[in-house]
Amino acid sequence: MTLLLPLAGCKQVKEERKNRVLESATSGYRQAIRWGYHDAALQFVEPKERPEQLTPLLENVRVTGYEVVRSPVIIEEDKAEQIVRIEYVLRDRQRLESLTDRQRWLYDKETSNWWLTSGLPKFKTD
């Protein structure tokens, strides 16, 4: 019975660490998107889901707001979801747009990283 307590404590520490890493990943991603560092934002995308290059259309997008509507929530053991509202301006038209981005994150036990599996936001560029 006393052997179970250290195991339970170890599991709790691992879960807390996993939550901190998720917060760090979503915060870093938010900063990259908010300030237009698309190359940096791309580094949060799961490697097998990453496009080889960014679309030139992203250069026409300037993000003006990034609001977390629902903070990251672990929905399954190694899966999390976050919902954000992004406001942006199309530079060539000076038109304000907005979108709701439902982000899906996957925890990689080998690297101890959270990867964005839903891809970069789908900015409307036309």
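The following dialogue examines the salt bridges and the sheet of a predicted model.

Tutor: Local features here need pLDDT of at least 70 and side-chain atom pairs count only at pLDDT 80 or more, while totals for chains, interfaces and linings use all residues. Residues are numbered from 1 along each chain as its sequence is written, and side-chain values use heavy atoms, with hydrogens and water left out.

Student: Why is the contact between Glu 15 and Lys 18 called a salt bridge?

Tutor: The term requires a side-chain nitrogen of Lys or Arg within 4 Å of a carboxyl oxygen of Asp or Glu, and the N to O distance for Glu 15 and Lys 18 is 3.9 Å, so the pair qualifies under that definition.

Student: What makes Lys 18 count as buried?

Tutor: Buried means under 20% relative accessible area, exposed over 50%, and partly exposed in between, with a 1.4 Å probe and protein chains only; Lys 18 has 5% and therefore counts as buried, whereas Glu 15, at 30%, is partly exposed.

Student: How do you know that Arg 102 and Glu 81 form a salt bridge?

Tutor: Their closest N and O atoms are 3.0 Å apart, which satisfies the limit of 4 Å. This pair links strand 3 to strand 2, across 21 residues. Arg 102 is partly exposed at 45%, and Glu 81 is buried at 12%.

Student: Why does strand 1 (61–76) stand at an edge of the sheet?

Tutor: The open sheet has 4 strands in the order 1-2-3-4, with antiparallel pairing. Strand 1 has a single partner strand, so one side of strand 1 is left without a neighbour in the sheet.

Definitions and conventions. Pairing = 2+ DSSP bridges. Helix = DSSP H or I, 4+ residues; strand = E, 2+ residues; numbered from the N terminus.
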